[in-house]
Amino acid sequence: MDTVLDGQPRERSNVSLADRAHNIRRHALLMGEVQGQGYIAQALGIADVLAVSYFHALTFRPDDPEWEGRDRFLLSIGHYAIALYAALIEAGVIPEDELTSYGSDDSRLPMSGMAAYTPGMEITGGSLGHGLGIAVGMALGLKRKSSSSFVYNMFSDGELDEGSTWEAAMSAASFGLDNLIGIVDVNGMQADGPSRGVLNFEPLAPKFEAFGWFVQRVDGNDLDALVGAFDAARTHACACPRIVICDTKMAKGVPFLEARERNHFLRVEADEWRRALAVLDEGRLQ
Amino acid sequence: MRRSKYEKPAPRASGGAKTSAMIASLAAPGQRTKPAPFGNALLELAKTRPDVVGLSADLAKYTDLHIFAQAHPDRFYQMGMAEQLLMSAAAGLAREGFTPIATTYAVFAARRAYDFICLAIAEENLNVKIACALPGLTTGYGPSHQATEDLAIFRGMPNLTILDPCDAHELEQIVPAMVEHQGPVYLRLLRGNVPLVLDEYGYTFEWGKAKTIHDGGDVLIVSTGLMTMRALEVAQELRDDRIDVAVLHVPTIKPLDEETILREVGRGGRLVVVAENHSVVGGLGEAVAGLLLRTGTVPPGYRQIGLPDEFLDAGALPTLHERYGISTQAMARSIRGWL
């Protein structure tokens, strides 16, 4: 079962989730090359989660991003925009030829994600700790409308530092928001260094459990595990919000970039982008 | 300068029953008032606007939203004492097509939740109405509850309409108008038994419009919020001194009705006094001063009546309004001194 349209399973696509994830990584690397910089390590790390989100879990219409019956996918982490653009390009929401405009003047693809700029971008992220609270409001709104749509909020382990995240976490459970699915990217790296050294948020799963959430923690680069977790998140029988904690590897798929330690804003030299693409493609063939 | 906390205050000479209680009314003894005009107007509006929902951060009862909440429990969301969540959830509800009325105290919206109002609501021009009690100096609880700089904080936020009504009559008219308006609104809410003044002047609120409520040839008071009520009292009082005072009421702080203000100031010959229940920093006074300077409009004199750039004292409201120069008597004294 791949992309679901209008709530009905679409004909099985010949493109595998692994290919989708691979293509998302390629789109992201090509965008990174345009600007010669970007949050490419995060994009490579989260590509598998986005592939499963857009090509397995979400209901949406690529040609009608504001279709009322869609599942809402919020990107709280504005600087992951490069990753979401890659997924939206792969999903056919954004034309592939716009990829070269990434981060340029008058582009629909600014470096930090904003709702007013990009089809398929539901909210303006970037001021971290906003997404989950907005998701609570949207989930309440969907329930008011008796909608069966889900709200997905993708946020980062860094956003666990923000008190607003926990205000929202407590309220989502208090309101019994079973139409809200949180996705946390635990890549272990923040602006000032390793996340646990910045502000230790572990043990994370028990925290969300204590807050009243249905919690799953998976390897965020394991497609099968992600499919299982997203399925369970949607179908689990409890009147509670759901969270999929995804442990991901920064720069996944390009070993020479994976090996770099300070990778929050990964430095990639001009001649390395093509090499990264080649390495990525090589890895896919194996 | 506040007295040292190690210095025992002198015993009170007489036992005047002054209170700094949170629920102190702004009304003078014997003044006409109306109970909970905001909550009652919202209740009336709710009949025809099913998209209106109410949210509060554990202050529904203290913002008169409880009247709406009790009548429509299914349309009320208690967000808990979490103002960041209050604003972001209101943004989410607006995204889904609802018109959220989010209430808390002005200090908490302005100081604590600013980033969430700015990015989650205003940047997207979402239809969230933020109604906040205790604007300026309307409680004797001290700086934790006195939003003396809320206008200064919010004036810099693009897309946000800022409203500062004078009384119950105006507040009742503002509620349907702000819901009708497309975009975010910050309302300085007067709650409880709210003075009723402007009905006697045949006043009607108009979105974005400043209006002359009382005309006069010596002094032009440009006022907002409850200071318009004070300004009208000052106009009566100074009449005995043969000082002719005009009152231009500016309930919409942003966008400012520049045309009317320039026209009134441009009539010439009048001392211009801007009066506001707010710090002299960053409120209506500086907004008007900037406007006059930019347009080369020079009145014979320009003065501000507002709160000092200080953390204010705790105490009874009448004491504090007198101490900081925004009582009717203090205003009248200041204006006499400037003439």
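**Exercises: contacts within chain B and between chains**

In this predicted model, 25 residues of domain 1 of chain B are in contact with 29 residues of domain 2 of chain B. Contact means that C-beta atoms, placed from the backbone, lie within 7 Å. Residues are numbered from 1 along each chain as its sequence is written, and chains are lettered from A and ligands numbered from 1 in the order written. In this predicted model, local features need pLDDT of at least 70 and side-chain atom pairs count only at pLDDT 80 or more, while totals for chains, interfaces and linings use all residues.

**Exercise 1.** Describe the side of domain 1 of chain B that touches domain 2 of chain B.

*Solution.*
- Set the bounds: domain 1 is 33-195 and domain 2 is 208-338 of chain B, from an automatic or database domain assignment.
- Place the domains: their centres, taken over C-alpha atoms, are 25 Å apart.
- Find the elements: helix 6 (150-155) and strand 6 (161-163) of chain B give two or more residues each. Helices (H or I, at least four residues) and strands (E, at least two) are DSSP runs, numbered from the N terminus.
- Sort by class: this side has 13 nonpolar, six polar and six charged residues. Ala, Val, Leu, Ile, Met, Phe, Trp, Tyr, Cys and Pro count as nonpolar, Asp, Glu, Lys and Arg as charged, and the others, Gly among them, as polar.

**Exercise 2.** Which helix of chain A gives the largest share of the side that touches chain B?

*Solution.*
- Count: 20 residues of chain A are in contact with 21 residues of chain B.
- List: helix 4 (131-144) and helix 5 (163-174) of chain A each supply at least two residues.
- Choose: helix 4 of chain A, with ten residues.
- Classify: the chain A side holds nine nonpolar, eight polar and three charged residues.

Notes:
Two residues are in contact if their C-beta atoms, placed from the backbone, lie within 7 Å.
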